[in-house]
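Hello,

Here is the structure I promised to pass on. Please open it first, then read my notes below.

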Amino acid sequence: MRIGVDIGGTKTDAVAIDADGGILHQVRLGTGYGADAVLNTAVDAVNRVAALAGIPVREADSVGVGVPGRVDTVHGTVTHAVNLGVQGLDLGDLLSSRLGVHVHIENDVNAAALGVYHLLETEGWPDANDHSMAYLNLGTGLAAGIVVAGGLWRGSRGTAGEIGHIPVDPAGPLCPCGQRGCLELMASGSAITRQWPTDHPMPAQHLFEAAEAGDESAILVRSRLLDNVASAVRVLVLTVDVDLVVIGGGISSLGAPLIDGIRSVLAERATESPFLASLELADRVRLVPGGFPSAAIGAAYAGVRAQGSVTVA
């Protein structure tokens, strides 16, 4: 049995999976805020899911944790996890000490990428280990995790997939990273919030509903969002030439209106460029199934697959 934990800004999911990747048990807890709360929640989540499985944590084949922020996977440290109130935390060592078993720490988007890749394997993706995939996370921000031949492609400094900080508008708004007009500011939950102020609990859904109802401002913001998400897909294919780009994150819950809109933009661009047409971009993009705990499942595999990660010097 493997245990995986996904620590989010408001909730923490933990799963226990069997040798074939099937979910045996699942637990969801509120995360809390600050280093102590994050640590205690993770410990509680692992202990609870292990108890449901009826085995001691120490007997798990692997324990992995996905967490936002900058993660040093070698030392298990987490920095700049702003949404969690964590500036610096030796999460791996602290969890390993509390749980009595080695705990591998992974960036949450990379963990989700591994989880989605595993899903493709179980769905019978032909020769999955010979293929490549990018997981495009559309949440508060925008980032991607890239899996090549079954292992994470981190790049030389661990920043592979940080396409949200590619500037697409030099005259655009200032990004927290210090650049202007980054892709993340055009295609993310924060982009919707900035351009479509609303008290609705689900701003993206409200935006799409208003656009569908004919609101011209909403139509403009929706069009800009779809154009820039399509650009993110294009960037991933043109830089890594992945076989698939799988979209997840909070905005992916829009479902068909989102994926149909992205494919429509990609198809339209293909009519204007024989080169883009040859890449068949619209056929390479899909959504993560709703409710699939990709980051928790990926975290369960992260410790096992860590040695299979691909690093480009």
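Start with Glu-280, which sits in the loop between helix 8 (274-279) and strand 13 (285-287). Keep in mind that this is a predicted model. Glu-280 is not a glycine, yet its phi is positive, at about 50°. As background, most residues other than glycine have a negative phi.

Ala-149 is another such case. Its phi is near 50°, again a positive value in a residue other than glycine. Look for Ala-149 in the loop between strand 10 (142-148) and strand 11 (151-152). Is it buried or exposed? Neither label fits: Ala-149 has a relative accessibility of 47%, so it counts as partly exposed. The cut-off for exposed is over 50%.

Next, helix 2, which covers residues 91-99. Which of its residues are buried? They are Leu-91, Gly-92, Leu-95, Ser-96 and Leu-99. These residues span an arc of only 125° around the axis, so they lie on the same side of helix 2. The general rule helps here. An α-helix has 3.6 residues a turn, so residues three or four places apart point the same way. Turn to the other side of helix 2 and you find Asp-93 and Ser-97, which are exposed.

What covers the buried residues of helix 2? The cover includes two helix and strand neighbours from early in the chain, strand 1 (2-7) and helix 1 (35-53). It also includes strand 4 (62-67), strand 6 (77-81), strand 7 (86-89) and strand 8 (103-107). After helix 2 comes Gly-100, with a positive phi near 75°.

Now the helix packing. Two packed helices are described by the angle between their axes and the distance between the axes.

Take helix 5 (residues 203-212) and helix 6 (residues 216-240) as one pair. They pack at an angle of about 120°, and their axes are 8 Å apart. Helix 5 and helix 6 are therefore oblique to each other. Their crossing is left-handed. From helix 5, the contact uses Leu-207, Phe-208, Ala-210, Ala-211 and Glu-212. From helix 6, it uses Ala-218, Ile-219, Val-221, Arg-222, Leu-225 and Leu-226. By type, the residues of this contact are 9 nonpolar, no polar and 2 charged.

Helix 6 also packs with helix 7 (residues 256-272): the axes come within 9 Å and cross at roughly 70°. That angle makes helix 6 roughly perpendicular to helix 7. The crossing of helix 6 with helix 7 is right-handed. Helix 6 brings Leu-226, Asp-227, Val-229, Ala-230, Ser-231, Val-233 and Arg-234 to the contact. Helix 7 brings Leu-258, Gly-261, Ile-262, Val-265, Leu-266 and Arg-269. The residues of the contact of helix 6 with helix 7 are 8 nonpolar, 2 polar and 3 charged. Leu-226 of helix 6 is listed in the contact with helix 5 and in the contact with helix 7.

Last, Leu-174. Find it in the loop between strand 11 and helix 4 (189-195). Leu-174 is exposed, because its relative accessible area is 55%. What does it touch, leaving out residues up to four places away in sequence? The partners of Leu-174 are Gln-179, Arg-180 and Leu-185. Leu-174 and Leu-185 are 11 residues apart in sequence, and their C-alpha atoms are 8.6 Å apart in space.

Best wishes

Note on methods: Residues numbered from 1 in each chain as written. Predicted model: local features only at pLDDT ≥ 70, side-chain atom pairs only at ≥ 80, totals over all residues. Heavy atoms only, no water. Axes fitted to C-alpha atoms, helices over the stretch in contact; angles between N-to-C directions. Helix = DSSP H or I, 4+ residues; strand = E, 2+ residues; numbered from the N terminus. Parallel < 35°, antiparallel > 145°, perpendicular 65-115°, else oblique. Left-handed = near helix turned anticlockwise from the far one by under 90°. Contact = heavy atoms within 4.5 Å. Nonpolar A, V, L, I, M, F, W, Y, C, P; charged D, E, K, R; others polar. Buried < 20%, exposed > 50% of the residue type's maximum accessible area, 1.4 Å probe, protein only. Arc of directions from axis to C-beta.
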